Amino acid sequence: MSMLEVIYEKVNSDNILNADEIVALLNTQGEDLHSLYSKSDFIRKQFHGDTIYLRGIIEFSNYCSKNCYYCGIRHDNLEVNRYRIAVQEIIEACKMIEQAGQTTVVLQSGEDYYFTGEIVGEIIAAIKRETGLAVTLSLGERDEEIYRYWKEMGMDRYLIRIETSDKALFEMCHPDDDFDQRLSCIKTLKKLGVQTGSGVLIGLPGQTIEQLARDILFCSGLDLDMIGVGPFIPHHNTPFANELNPFDKEVFFKVIAIFRLLNKAAHIPATTAYDAIHPHGRDLVLQRGANIFMPNSTPQKYRNDYQLYPGKPCVDESMADCASCVAGRIKRLGRLIGKDQGHSLKL
Ligand code: SAH
Ligand code: SF4
């Protein structure tokens, strides 16, 4: 049997792969690569059918107290025009998301403590009162009591990437963050029964293919409800401005496929950064294992100021433009838009 056949046998019987096997998959070329993508797309269809769930994302604040070296809205980037969207405006945007046929709102921001546990709790409650949307938050690290309170107020899900599973690399990228603390947030959210999503940045400066393989194993070992990954894209006004992503573009897509092989039931989004590195990046990701699309639903006037990385698509479009564009994309792929909230298959 070839190595690929051995790997597929293991995947079929839900056995975990070892790091060498993941590295082999990350290095596949030609026919083998074609076969990897067919396999991941097949597993996506087996477990999730042709349904794609739409989760409208509202980037409601670009204030951030942290200084992650890769991120365009890091605290010390003084060129950012900072904004916070008023609570009522957030609720209005949620209503538009619902009217556009999207069934989840994802509220994302920098680590902005102006939005206290209480204020965010009130936003969650208002969304639940005034819409039928599922609520996902992605606000960074908070205390267990706050996560618990948000869950009580109706929060369904939370996204918090570990960014890298390599502690030394984590420290190299995060001057004011702690790996163990971030990991404990993920574990706390899972313990509280919140559907939890995490993932990594692919190609942080100096990252090796072996480290990336370990990232895939690490995240798969967390038994996540959702796995969100994307390429590191250098931003001109950050300490990593002149760092190059060490991997070629194909690796970014291979990572999606491998995650699908190892996490059959997880929801995997085609994240926005794929459109920044390839004109049809998100469509390709949806054909290589992903089953979630997150249209940009931030009111248009704020979009240009939420640039975590350059080349982000959709900054000049309105919410309505994005809603109709995504419907077209999904139709062209021969897939269907999910009508229900698309909760975790693991519940
Ligand atoms: N502040 C929150 C949520 C917003 S940041 C948090 O950090 O969890 C959301 C994600 O954007 C981060 O997890 C990171 O993986 C990604 N990101 C930041 N800068 C990026 C860059 N230069 N290229 C690609 N992704 C980036
Ligand atoms: Fe802030 Fe998140 Fe960017 Fe880090 S990645 S600087 S926490 S917005």
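**Figure 1. Strand 2 is mostly covered, with six of its six residues buried.** The view is taken from a predicted model. Strand 2 spans residues 104-109. In a regular strand the side chains alternate between the two faces of the sheet. Here Thr 104, Val 106 and Gln 108 point one way. Val 105, Leu 107 and Ser 109 point the other way. Residues on both sides are buried. Strand 1, residues 51-61, runs parallel to strand 2. Six bridges join the two strands. Within this pairing, Ile 58 stands opposite Leu 107 of strand 2.

**Figure 2. Strand 5 is covered on both faces.** This strand comprises residues 195-198. Gln 195 and Gly 197 lie on one side, Thr 196 and Ser 198 on the other, and all are buried. Strand 5 pairs in the parallel sense with strand 4, residues 157-159, over three bridges. Tyr 158 has Thr 196 of strand 5 as its bridge partner. Strand 5 also pairs in the parallel sense with strand 7, residues 226-227. That pairing has two bridges. Ser 198 has Ile 227 of strand 7 as its bridge partner. Thr 196 is thus seen with Tyr 158, and Ser 198 with Ile 227.

**Figure 3. Phe 232 and Phe 240 form an edge-to-face aromatic pair.** A pair of aromatic rings is described by the distance of the centres and the angle of the planes. The structure holds 11 aromatic pairs. In the pair of Phe 232 and Phe 240, the ring centres are 6.2 Å apart and the planes meet at 85°. Since edge-to-face requires an angle over 60 degrees, the value of 85° places this pair in that class. Phe 232 counts as buried because its relative accessibility is 3%, under the 20% cut-off. Phe 240 has 5% relative accessibility, so Phe 240 counts as buried too.

**Figure 4. Phe 60, Tyr 114 and Phe 115 form one aromatic cluster.** The cluster brings together two Phe rings and a Tyr ring, those of Phe 60, Phe 115 and Tyr 114. Phe 60 belongs to the range of strand 1, residues 51-61.

**Figure 5. Charged side chains sit over aromatic rings at Tyr 8 and Phe 253.** Lys 39 lies over the face of Tyr 8. The distance from the ring centre is 5.2 Å. At Phe 253, the charged end of Arg 288 sits over the ring. It is 5.2 Å from the centre of that ring.

**Figure 6. The cysteines form zero disulfides.** A disulfide is a covalent bond between the sulfur atoms of two cysteines. Which cysteine sulfur is closest to that of Cys 94? It is the sulfur of Cys 322, at 16 Å, which is too far for a bond. Cys 94 counts as buried because its relative accessibility is 0%. Cys 314 is in no disulfide either. Its nearest cysteine sulfur, that of Cys 322, is 4.3 Å away. A disulfide needs sulfur atoms within 2.5 Å, so the 4.3 Å separation does not qualify. Cys 314 has 18% relative accessibility and therefore counts as buried.

**Figure 7. Nine residues, by class five nonpolar, one polar and three charged, surround ligand 2.** Cys 64, Cys 68 and Cys 71 are among the residues around the ligand. Tyr 70 and Ile 73 are also there. Lys 66, Arg 74 and Glu 111 belong to the shell as well. Gly 110 completes the list.

**Figure 8. Three helix positions are shown: Glu 118, Lys 254 and Ile 216.** Glu 118 lies in helix 5, residues 117-130. With a relative accessible area of 53%, Glu 118 is exposed. Its C-alpha is 33 Å from that of Asp 321, 203 residues apart along the chain. Is Lys 254 buried or exposed? Lys 254 is buried, because its relative accessible area is 3%. The residue is placed in helix 10, residues 249-262. The C-alpha atoms of Lys 254 and Leu 17 are separated by 15 Å, with their positions 237 residues apart along the chain. Ile 216 lies in helix 9, residues 209-221. Its relative accessible area is 0%, so Ile 216 is buried. From Ile 216 to Ile 91, the C-alpha distance is 36 Å, and the two are 125 residues apart in sequence.

Conventions. Residues numbered from 1 in each chain as written. Chains lettered and ligands numbered in written order. Predicted model: local features only at pLDDT ≥ 70, side-chain atom pairs only at ≥ 80, totals over all residues. Heavy atoms only, no water. Buried < 20%, exposed > 50% of the residue type's maximum accessible area, 1.4 Å probe, protein only. Helix = DSSP H or I, 4+ residues; strand = E, 2+ residues; numbered from the N terminus. Pairing = 2+ DSSP bridges. Phe/Tyr/Trp six-rings, centres within 6.5 Å; stacked < 30°, edge-to-face > 60°. Lys NZ or Arg CZ within 6 Å of the ring centre and 35° of its normal. Near = heavy atom within 4 Å. Nonpolar A, V, L, I, M, F, W, Y, C, P; charged D, E, K, R; others polar.
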